[in-house]
Amino acid sequence: MWDTLIKILSDKEYLFTLKEEKPFRIIDYSNKEILIQTTENKLRKIQRNEIEGPYNYIIKNGKISRSEIQELFSRYNPAYVASILSCHPDIDYQLNPNIELIKKNSLFTFDLKKEEIIIDFDKYDKRNFDKNGINRITGTKFDEYGYDVNWCDKNGFKWDGKHVDTDTYFNPEGYNREGYDKNGFNKNGINLITGKEKDIFGKYKKEYIISQNTENNFSDETNSILDKLTNVYKILYKLLLLPESDWKTKIYANAALSYFINPWDIIPESEKGKDGYLDDFYICLEILRDLKKYRSELINNIYPKYIKEDLDTFLEENINYCKRELKDKIFDIKKLVGYDSLDFFDLGNNQFIDSDSDKIYLRSKLLGAISFMFDELSSSTDSLCVNNFINDLSQSDEYFDILRIINKYNEKLDKKLVIDRENNYEEIFSNYEDKLNHISTGKRYGIIIGTALPIFKTLCNILKDKDCTWQIKHEINSVLSYFALNEDIIDDSLQSGLGYVDDVFLGTFVLYDILEKDMPLVNRNLSENIDSTKISYLLESTIVILESCQIDYAIGKIINLLGLKGLLTFYEIVCSNQNPSIFKNLLNKKLRVIFLDLCNLYFNNKLGIIDLPKNIESLIDYLLNNIPPEKTIKLNKFFEISLSISNFKNRKKEIQELEEKEELEAKAIMLKYKILSE
């Protein structure tokens with residue numbers, strides 16, 4: 001039995017649960033177990049005895065229900081066990097009135113209207129109807145609309161045009177339930193989207209491009225999806241620009257925006273027209289749900305402006321809708337942007353055990369103190385030594401944390417976003433490839449910005465490559481997300497053309513990094529008008545331009561804006577198989593060195609390092625005791641901000657609350673058991 005089933009499963013990448021039709025992936029199998037990946041992106045192991053037990057039960061008794069599978073053999077995986085067993089040639093199934101697995105070609109009794117009758121399965125088809133169209137369970141024929149109890153017509157097609165056996169959406173004549181073929185034309189040659197007839201060659205070249213008239217071209221249902229997607233996009237967009245957003249939050253949001261502007265995603269808009277945004281909507285919803293779970297304070301401060309209903313309800317309902325429509329495509333959508341690997345970044349900081357809480361707290365205070373001195377020095381002195389130090393610091397990942405703390409203190413956050421304009425379909429849903437193609441190259445930096453489109457295409461090509469690792473995917477996500485921003489480090493609207501130099505710099509910066517990791521990967525995905533030697537030239541040229549522009553510390557700000565520097569540091573230390581505790585110790589040592597350097601600069605080099613206290617707590621106390629009283633208020637404010645944006649949580653309090661909740665639930669269960677037993 002096991003060998004037969006494994007042989008069948010080896011030809012299947014996806015299966016669907018029998019009732020809800022939720023897709024799940026067969027990851028691996030052995031002589032002892034089957035490994036699957038659920039719709040919720042979780043891995044589950046199904047032991048061999050969970051499969052063989054129900055199978056033997058069916059062979060002996062003729063049938064088994066899903067509830068019996070759960071009760072007798074598989075407590076946690078009954079739906080998946082039922083679906084896997086239904087693939088076996090000896091097993092059939094029925095959905096009404098309950099899910100039951102049935103032994104094929106057997107005779108056994110059924111309780112129908114409280115009477116025991118014998119059912120001969122040779123007389124009934126897979127949909128429980130005999131040759132006269134009478135259903136063996138309900139006793140009825142096809143309903144007045146021509147459908148049976150499973151919503152299938154006599155040809156086996158469901159109401160949505162999907163065949164119950166072959167899983168295809170089109171009937172033998174090549175038309176779906178709505179009467180359209182795979183190219184979107186009905187029998188009269190009328191196109192579903194445009195309403196136009198076929199040309200003389202029997203084809204119709206789609207000219208359906210989203211523009212200012214998008215609302216007029218879409219149905220009410222599609223407009224509803226686009227309205228929701230617009231608002232979800234705005235939330236993620238604004239989240240990227242908040243000083244409170246840490247680099248992990250930005251990496252999550254990058255994945256969504258990267259997918260959104262990728263012209264070659266799983267359902268390309270250029271081919272599918274109005275249906276092309278469902279996959280974008282789905283991945284944006286999944287990312288927003290993750291952020292809502294672990295960055296609730298950030299999300300709760302943004303979303304009410306865009307979503308009026310309860311956010312959890314909104315997310316749940318729309319994610320379920322997308323899953324029903326997309327089915328097995330959800331796995332490919334997540335794979336394209338490396339969604340499966342986002343867990344590695346530990347958005348919830350779950351790797352921090354209780355004993356780490358004090359270290360996290362102390363590191364947050366240290367960042368606050370560094371940010372205070374950084375702000376004081378950068379605004380009150382023109383010392384070359386200070387400027388050089390700040391310039392060096394701006395290219396480190398610590399600068400990202402420091403800058404967002406300072407920005408929050410100075411309330412630089414209420415910048416009016418262009419994206420906030422109502423019903424701005426043209427801007428949000430614009431064809432980004434077309435947008436880059438029409439950048440004027442006749443200006444000062446024409447040669448440089450003319451490479452923006454080839455770089456964009458190359459990055460999108462690499463994302464699709466089967467050898468593209470999850471690390472490379474998130475680097476590319478950061479670049480594509482940066483391309484999507486209007487409010488990046490250098491405004492894209494600058495007439496000189498300088499506005500796209502930062503985009504080109506970041507693209508070549510990442511491409512150069514990928515070249516060092518996997519040169520063949522880049523070379524086979526290069527777009528026209530660009531080669532690997534040109535990447536190095538572009539990187540050097542853009543660095544020269546950025547260093548000479550009027551924006552202070554431009555390079556550091558660009559690589560830090562969307563968390564790319566934090567991402568690369570994470571790869572360098574954590575992904576090199578070092579212990580995470582070593583990673584934290586290295587960061588803390590680095591921060592201590594920065595703190596000592598800033599102390600010397602702040603106190604005008606009057607104190608040598610040898611004169612300063614040795615541990616961080618004493619260093620912070622030293623700073624507090626040696627600044628004017630009016631500055632103490634400012635420093636404490638920096639401490640407060642640093643703690644609030646570091647996602648530091650009192651783990652002791654959380655653990656205590658969890659234990660109290662579990663204790664109450666346990667008491668409730670015991671009380672219920674006691675009442676029932678009496």
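## Salt bridges and two sheets

Both R295 and D246 are buried. The model in which they sit is a predicted one, and the exercises below begin with this pair.

**Exercise 1. Determine how R295 and D246 interact, and which parts of the chain the pair ties together.**

Solution. Step one is to look at the charged atoms: R295 and D246 form a salt bridge, in which the closest N and O atoms are 3.0 Å apart. Step two is to place each residue in the chain: R295 lies in the loop between α9 (278–294) and α10 (296–302), whereas D246 lies in the loop between α6 (220–241) and α7 (247–261), so the salt bridge ties together parts that are 49 residues apart in sequence. As a general background to this step, side chains of opposite charge can pair when their charged atoms come close. For the wider setting, a search of the whole structure finds 19 salt bridges.

**Exercise 2. Work out how R289 and E286 are placed in helix α9, and whether each counts as buried or partly exposed.**

Solution. Begin with the contact itself, a salt bridge between the side chains of R289 and E286 with an N to O distance of 3.0 Å. Next, consider the spacing: the two residues are three residues apart in helix α9, which means that about one helical turn separates R289 from E286. Then compare each value with the cut-off, under which a residue is buried below 20% relative accessible area and exposed over 50%. R289 has 25% relative accessibility and therefore counts as partly exposed, while E286, at 2% relative accessibility, counts as buried. Finally, ask which residues join them in a network: E286, R289, E316 and K334 are linked by salt bridges.

**Exercise 3. Find which helices the salt bridge between E475 and K517 links, and classify the accessibility of both residues.**

Solution. The closest N and O atoms of E475 and K517 are 2.4 Å apart, and the two residues form a salt bridge. This pair links distant parts of the chain, with E475 in helix α20 (residues 470–484) and K517 in helix α21 (residues 501–517), 42 residues apart. E475 has 1% relative accessibility and therefore counts as buried; K517, by contrast, has 45% relative accessibility and counts as partly exposed.

**Exercise 4. Describe the sheet that holds β5, β6 and β7, and state which strands stand at its edges.**

Solution. The strands form an open sheet of three, in the order β5-β7-β6, with antiparallel pairing. Each of β5 (63–65) and β6 (91–94) has a single partner strand and stands at an edge, so one side of each is left without a neighbour in the sheet. From one strand to the next the twist averages 25°. Turning to the pairing in detail, three bridges hold β5 and strand β7 (residues 100–103) in the antiparallel sense, and the bridge partner of S65 in β7 is E100. Helix α2 (residues 48–61) packs on this sheet and touches β5, β6 and β7, its direction making about 130° with that of β5.

**Exercise 5. Trace the sheet that holds β1, β2, β3 and β4 strand by strand, and name the helices that pack on or lie across its strands.**

Solution. Four strands, in the order β1-β2-β3-β4, form an open sheet with antiparallel pairing. The edge strands, β1 (14–16) and β4 (43–47), each pair on one side only, and the twist averages 35° from one strand to the next. Taking the strands in turn, β1 and β2 pair antiparallel over three bridges, with F16 opposite P23 in β2. These two strands form a hairpin with six residues between them, and E21 in the turn has a positive phi of about 55°. Four bridges join β2 to β3, again in the antiparallel sense, and Y29 stands opposite I34 in β3; the hairpin of β2 and β3 has three residues between its strands. Five bridges join strand β3 (residues 33–37) to β4, which run antiparallel, and Q37 stands opposite L43 in β4. The helix α2 packs on this sheet, touching β3 and β4, and its direction makes about 50° with that of β4. Helix α4 (residues 78–85), finally, lies across β1, β2 (23–29), β3 and β4, and runs at about 65° to β4.

Conventions. Residues are numbered from 1 along each chain as its sequence is written. This is a predicted model: local features need pLDDT of at least 70, side-chain atom pairs count only at pLDDT 80 or more; totals for chains, interfaces and linings use all residues. Side-chain values use heavy atoms; hydrogens and water are left out. Two strands pair if DSSP finds at least two bridges between them. Axes are lines fitted to C-alpha atoms, for helices over the stretch in contact, and angles run from 0 to 180 degrees between N-to-C directions. Contact means heavy atoms within 4.5 Å. A salt bridge is a side-chain nitrogen of Lys or Arg within 4 Å of a carboxyl oxygen of Asp or Glu. Buried means under 20% relative accessible area, exposed over 50%, partly exposed in between (1.4 Å probe, protein chains only).
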